[in-house]
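Reader: I've got a protein model open and I'm not sure how to read it. Could we go through some features one at a time?

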Amino acid sequence: MVKKNRGITLIQNLPQLQNLIKRDPLSYKDEFFRQWRHYESQLSIFQLKPESESEEFGELITFLSHVSSCYPKETSEFPKQLIDILSQHYMILSPNLRKTMVQALILLKNKDVVSTANLLSLFFTLFRCKDKLLRTLLHTYIVTDIKNSNAKHKNNKLNKTLQNFMFKMLNDSDDIAARESLKVMIDLYKKNIWNDEKTVNIITQACLSKTQKIAATAIAFFLGLNNKEEEEEDEDDIDIGYMKRTMKITKKTKSKQAQMERALTTLKKKERQRNKAEVFNFSALHLINDPQGFTEKLFSRLKQVTSTSEFSFEVRIQMINLISRLIGVHKLILLNFYTFIIKYLVPHQRDVTQILAYTAQSIHDLIPPDSIEPIVEAISNNFLWTNCASEAIIVGLNSLREICTRAPLAMNERLLQSLVADFKIHQDSGVTAAAKSLVSLYREINPEMLKKKDRGKIATMNLNNIKAPQYGEVKVNDTVEGMDLLMKYQRKKEEKENNEDEDPGEGWEGWEVDSEAEIISNEENEENEENEETKAEKERIKLEEKKKANEELTSRILTDEDFAKLKRLRHHEEINKMTGNKDEVYFSDSSEEEDEEENKEYLDADDLTVHIKRKRSDYEERIESIKRGREGRLKFGSRKGKERTSVTNAEKAKKNKAFMMVVHKRSVQNKAKKSLREKQKILRAHIKKQKMKLK
């Protein structure tokens, strides 16, 4: 048998040669040059026909990309050759060869042979290829590489270069390349890598794109940032206690000791990650440079695509949502938007609940009431009449409540009283609840608009203290609101602690117990003295307390705990005013924050359907719900005949129970009342039955 030459074997087996070269580059230099000359010849042939599928050429590229670091001078032109091939022929290359070249360039970049800026610019160009697998690979690598480049510190030079290149790619004639570039920017923003104004303002340009998919992706980015970010999957939890117990019981080996050390290192790393300073990710809407100009351009684009039906209805609804959010967040003035949206405020309109929520979301106190009144009238005319369905009435009333919460002057007195009279008493409890919520709102902000019978006791008592809102009025605080309450709270707390330290019997020597008449007379005198205190005296005391509070602020820095207490104290004072309670200060030391209703920046359809009753599901829906509940569960069924199974009720009844548990049963009472004759008949029948069994 002829022995094979080792050189021929290495030529045919490139992975083996690659392994040997990495171990000893000098000894296998001749074999490398032989493969390099072979690569150059294959490259010349390939350039004559670049669309051909050359598997051998792809294998040589993979081989050279692995061993090029061993011969840097000889392979200095290799990365440039690959970049030139991809730049010139990327559209006609075979998918496998193109993917091989991309992977080779990634490997060379990891070895610092290729610069990041040049390589990523090429990869953005490759997004134009009609190859989904390649685009996925490129997207993942670009995001990971930029993340690693900015891991220790911000690489501003690289970021600026790539952002300028991406801005050009968003205006690219190829829609796929533009959309993939947009996705890269969005992912980098969500990972807090490119979370600056420049990135956000580049994405705003994509919202005005003529391509529906690009515009929808950019709009969804601005609408979806308030949701919780998708957290990266953590590693499996390590039970250190179990590992320590195992180490004590079982045989101690080096592998187990190393496993324990790795686990401790992982835990320490996680602990360091937890203790890192939190990165605050503000909403992208707040980083837009010119929100008024951008909103006007987006509204103009919305009118254009609506007239031509260029975009689908879902995308147009998203555009309305984004415009309303921008108006509400930045308090913009875009009066044409309210005229445009009125035509959608009808019960038979598709997704009308969402449109109503977006309409209420766009209202703020700087919009002239004359511009909002047509919307209020349209809702009341289309949703709030007696022949309308209860669901429509509830949604209409809730929409008006949300609008009036943001702009109380949008509702006139005549319409408010009419709505309260029509729907305060209704056969549907949901309608009644929605009407009462509107009444409660105006009891707080302007009870004079309600009839006397609808104002309520507390609002009537505080009528002089409640000031009706005015258009353009801005409340300016000259101090920290609730500081006087905090001082009272701390003073009372100190007094309480001092009283606990003192002897309860101290100071009562020589006193005799007064009669009940004397006690009652003293209490009456105290009440009379309190009633004699004038209003001017009370106002003077309040001014003094505010003055002391301002002096306290100049000599003290409030902590987070103080602000939390201020919030609870203000909340408790508001409750006292609403309920008529005379308690001045909330003395609880609880650290739990009480729920406080605040105006939401963003509204959803669920906020307008809170009072709608849930319809009873039919048989098919109940069966589907049962099947969904069984998913992911163990097999169910009867456990009859298995261990620890239950028994029938008849068998349970045969067991002896305590007599007092069954004494009241009818069967027991009938036995006690039986006559002697009846007992004899039953006994004879039993004897006869037993004889029949023996036969």
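Author: Sure, let's start with burial: buried means under 20% relative accessible area, exposed means over 50%, and partly exposed is in between (1.4 Å probe, protein chains only). Before we go on, this is a predicted model, where local features need pLDDT of at least 70, side-chain atom pairs count only at pLDDT 80 or more, and totals for chains, interfaces and linings use all residues. Residues are numbered from 1 along each chain as its sequence is written, and side-chain values use heavy atoms, with hydrogens and water left out.

Reader: Okay, is Lys-130 buried or exposed?

Author: Lys-130 has 63% relative accessibility, so it counts as exposed. You'll find Lys-130 in the loop between helix 7 (116–125) and helix 8. Helices here are DSSP runs (H or I, at least four residues), as are strands (E, at least two), and both are numbered from the N terminus.

Reader: What does Lys-130 touch?

Author: Contact means heavy atoms within 4.5 Å. Leaving aside residues up to four places away in sequence, Lys-130 touches Arg-135, Asp-174 and Ile-176. Also, the C-alpha atoms of Lys-130 and Ala-177 are separated by 9.8 Å, with their positions 47 residues apart along the chain.

Reader: And the chain as a whole: how many helices and strands are there?

Author: The protein chain has 33 helices and zero strands. Of its 695 residues, 36% are buried. Take contacts in the chain between residues at least 6 apart in sequence: 69% of them join residues at least 24 apart.

Reader: How do I describe two helices packed together?

Author: Two packed helices are described by the angle between their axes and the distance between the axes. Axes are lines fitted to C-alpha atoms, for helices over the stretch in contact, and angles run from 0 to 180 degrees between N-to-C directions. Try helix 6 (residues 95–110) and helix 8 (residues 132–149): their axes come within 11 Å and cross at roughly 10°. Helix 6 and helix 8 are therefore roughly parallel (angles under 35 degrees count as roughly parallel, over 145 as roughly antiparallel, 65 to 115 as roughly perpendicular and the rest as oblique).

Reader: Which residues in helix 6 and helix 8 meet?

Author: On the helix 6 side, they include Val-102 and Ile-106, and on the helix 8 side, Leu-134 and Tyr-141 are among them. The residues of this contact divide into six nonpolar, two polar and four charged. Here Ala, Val, Leu, Ile, Met, Phe, Trp, Tyr, Cys and Pro count as nonpolar, Asp, Glu, Lys and Arg as charged, and the others, Gly among them, as polar.

Reader: What about Asn-159: buried or exposed?

Author: Asn-159 is buried, at 6% relative accessible area, and is found in helix 9 (residues 156–170). Its side chain is joined to that of Trp-194 by a polar contact of 3.0 Å. A polar contact is a pair of N or O atoms within 3.5 Å; within protein, one must be able to donate a hydrogen and the other to accept it, and residues adjacent in sequence count only if both atoms are side-chain atoms.

Reader: Last one: what should I know about phi?

Author: Most residues other than glycine have a negative phi, and most peptide bonds are trans. Lys-331 isn't a glycine, yet has a positive phi of about 55°. Lys-331 sits in the loop between helix 16 (313–330) and helix 17 (335–341), and is partly exposed at 42% relative accessibility.
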